[in-house]
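Colleague: I've got this model open and would like a close look at one part of it, the helix in the middle of the chain and whatever packs around it. Could you walk me through that, and put it in the setting of the rest of the fold?

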Amino acid sequence: MKIFFVSMGCAKNTADSEHLIAQLKLSGHEILDTPENVQAAIINTCGFIQDAVKENIDAILELEGLKNDGRIEKLIVAGCLVNRYEKELRKELPSVDLFVRSEEWDKVINFLGGVENSNCQLVTQAINKNFWTRYLKVSEGCNTLCSYCAIPLIRGRLRSIPLKQLIDEALMLCAAGAKELCLVGQDLTVYGQDFNGGTNLKTLIHELNRELPPKTWLRLLYLHPNRVNEELIDFLMAHEKVLHYLDIPIQHADSEILARMNRPCPPGHMQRVFRYIRSLDELFTLRTTIMTGFPGESTESFERVLDFVSEIEFDRLGAFIYSPEEGTKAAKFPGKVSRKTAEARCNKLMELQATISQERSELFIDQELEVLIEEIDAEENEAWGRSYRDAPEIDGLVCVSGIDAKKVKPGEIIRTKIFDCAENDLFGEVIEQ
């Protein structure tokens with residue numbers, strides 16, 4: 001069967017989608033990039049915040065229209081949106097043939113025809129798009145219970161994936177050509193806490209660093225700032241496969257707001273940790289996420305955010321506006337901030353970050369970087385790829401000139417000397433290919 005597949009949302013969803021796509025291919029189905037001449041369409045949804053819910057509903061309605069026009073025969077809606085709103089979706093979307101909650105991928109396979117196969121090697125062989133970068137999801141759910149966050153309502157409590165299973169999958173991904181493994185979970189720092197002792201993030205990193213091929217990149221995404229300390233930083237930097245890049249979403253910098261978010265942080269902790277990282281490596285890349293407009297956020301508390309960002313100088317920063325999510329504690333908090341004010345603060349924060357990102361990028365001029373090539377322009381003798389400071393799909397790129405298109409292929413790592421930069425992108429010339 002020919003199937004059109006749409007994956008929405010975060011990197012964790014991407015990891016889920018890749019596994020489901022692999023299962024479908026192993027069952028004899030063909031996955032296409034457009035909804036033309038297909039028998040079925042599958043959308044793996046995101047339901048994290050209301051803006052995402054609206055975007056996902058619009059995407060479902062578009063596919064439903066194709067089905068009603070007779071252009072596709074079957075429509076499957078899967079993932080987080082179903083976890084959160086299954087009853088409402090069933091009522092409002094009668095044309096959908098199958099609703100599937102996250103991790104119930106066997107139901108998709110059974111519905112379309114095929115046999116579920118969890119063999120890691122077969123799964124990796126079935127994935128061939130951008131094979132050089134893969135997501136390794138280490139856990140599901142979350143126990144932190146931030147007051148604004150619907151993830152525990154959608155995905156449940158923390159469930160870590162067994163260490164051996166992760167090592168086996170990582171080895172298979174590398175055997176299939178992966179050069180970069182992005183570790184994802186709601187919070188990597190709590191990996192293994194639901195096991196009966198012994199296994200934790202350090203254990204996982206140590207085993208991956210020991211078992212994986214030389215020069216494999218390990219990129220860590222999403223670490224709770226309260227659980228990142230100098231000891232953990234020293235440990236990570238002692239393992240050569242771990243990139244000097246961390247995604248640590250702070251969400252805010254005002255102590256009262258953080259307490260209301262159920263993310264209380266000891267005074268000075270975040271400043272101390274970030275300063276320590278930069279004391280070890282000035283070019284260490286730090287990414288974070290900050291929310292504006294949380295209930296009770298005053299002008300003064302927002303100014304503390306600006307001061308904090310100016311002090312730390314994150315390389316990358318994503319800002320978003322608070323969304324009151326049904327079922328969360330914060331949705332009932334007093335002190336609502338108007339959408340207009342929240343948007344203005346978000347824009348002001350990103351204007352500040354643009355200047356900082358530009359200044360951080362300028363530090364790399366005349367530096368040599370290894371670049372993982374993703375696209376090649378043979379006519380211009382140039383290629384585009386990512387360095388250690390660029391997570392896939394969310395950060396910048398490196399443009400490499402002077403390449404030999406006959407020698408260089410996507411998925412290869414080449415050494416590049418940087419000669420110019422933009423806010424998020426770097427420009428260099430190949431010195432080794």
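Modeller: Threonine 14 touches Ser7 and Tyr135, once you leave aside neighbours within four places in sequence. Threonine 14 sits in helix α1, residues 11-26, and with a relative accessible area of 18% it is buried, because the cut-off for that label is under 20%. Keep in mind that this is a predicted model.

Tyr135 leads nicely to the helix you asked about. Strand β6 spans 133-137, and β6 is among the elements that cover the buried residues of α8. The rest of that cover includes α7 (163-175), β9 (180-184), β10 (217-220), α9 (230-237) and β11 (242-247). Helix α8 itself runs over residues 201-211, and its buried residues are Leu201, Leu204, Ile205, Glu207, Leu208 and Asn209. As a reminder, residues three or four places apart on an α-helix point the same way, because there are 3.6 residues a turn. With that in mind, look at Leu201, Leu204 and Leu208, which are among the buried residues of α8. Glu207 and Asn209 are on that buried list too.

What happens at the start of the helix? Asparagine 200 caps the N-terminal end of α8, with a side-chain oxygen 3.1 Å from the backbone nitrogen of lysine 202. Lysine 202 also shows up in a charge-over-ring arrangement: it lies over the face of phenylalanine 235, 5.6 Å from the ring centre. Residue 235 falls within the 230-237 range of α9, one of the elements covering α8. A second arrangement of this sort has arginine 219 over the face of tyrosine 245, at 4.7 Å from the ring centre. Those two positions fall in the ranges of β10 (217-220) and β11 (242-247), both part of the cover of α8.

Histidine 239 belongs in this picture as well. You'll find histidine 239 in the loop between α9 and β11, and at 9% relative accessibility it counts as buried. Beyond its sequence neighbours within four places, histidine 239 is in contact with Ile205, His206 and Asn209. Of these, Ile205 and Asn209 are on the list of buried residues in α8.

Now for the wider setting. The protein has 13 helices and 18 strands, and 54% of its 433 residues count as buried. A compact globule with 433 residues would have a radius of gyration near 22 Å, and the protein agrees at 22 Å. Along the principal axes, the C-alpha atoms fill a box of roughly 60 × 55 × 50 Å. Of the contacts with a separation of 6 or more, 75% are between residues 24 or more positions apart. The exposed area comes to about 19300 Å², with carbon and sulfur atoms supplying 48% of it.

For ring packing, a search of the whole structure turns up 10 aromatic pairs. In one of them, the rings of phenylalanine 294 and tyrosine 322 have centres 5.2 Å apart and planes at 75°, so the pair is edge-to-face. Phenylalanine 294 is in the loop between β12 (285-292) and α12 (299-312), while tyrosine 322 is in the loop between β13 (316-321) and α13 (339-362), so to speak a link between distant parts of the chain, 28 residues apart. Phenylalanine 294 is buried at 0% relative accessibility, and tyrosine 322 is buried at 11%. Another pair joins tryptophan 384 and phenylalanine 427, with centres 6.3 Å apart and planes at 75°, again edge-to-face. Here tryptophan 384 lies in β15 (residues 382-386) and phenylalanine 427 in β18 (residues 426-432), so the pair ties together parts that are 43 residues apart in sequence. Tryptophan 384 is partly exposed at 27%, and phenylalanine 427 is partly exposed at 25%.

Tryptophan 384 also touches isoleucine 373, whose other contacts include Trp132, Val400 and Ile414. Isoleucine 373 is in strand β14, residues 368-377, and is buried at 0% relative accessibility.

Last, a backbone detail to check by eye: asparagine 381, in the loop between β14 and β15, has a positive phi near 55°. Asparagine 381 is partly exposed, with a relative accessible area of 38%.

How values were computed. Residues are numbered from 1 along each chain as its sequence is written. This is a predicted model: local features need pLDDT of at least 70, side-chain atom pairs count only at pLDDT 80 or more; totals for chains, interfaces and linings use all residues. Side-chain values use heavy atoms; hydrogens and water are left out. Buried means under 20% relative accessible area, exposed over 50%, partly exposed in between (1.4 Å probe, protein chains only). Helices (H or I, at least four residues) and strands (E, at least two) are DSSP runs, numbered from the N terminus. Contact means heavy atoms within 4.5 Å. A polar contact is a pair of N or O atoms within 3.5 Å; within protein, one must be able to donate a hydrogen and the other to accept it, and residues adjacent in sequence count only if both atoms are side-chain atoms. Rings of Phe, Tyr and Trp (its six-membered ring) pair if their centres lie within 6.5 Å; planes under 30 degrees apart count as stacked, over 60 as edge-to-face and the rest as tilted. A charge sits over a ring if NZ of Lys or CZ of Arg is within 6 Å of the ring centre and within 35 degrees of the ring normal. The radius of gyration is taken over C-alpha atoms; the globule rule is 2.2 Å times the number of residues to the power 0.38. Accessible areas come from the Shrake-Rupley method with a 1.4 Å probe; for residues, only the protein chains shown count as cover.
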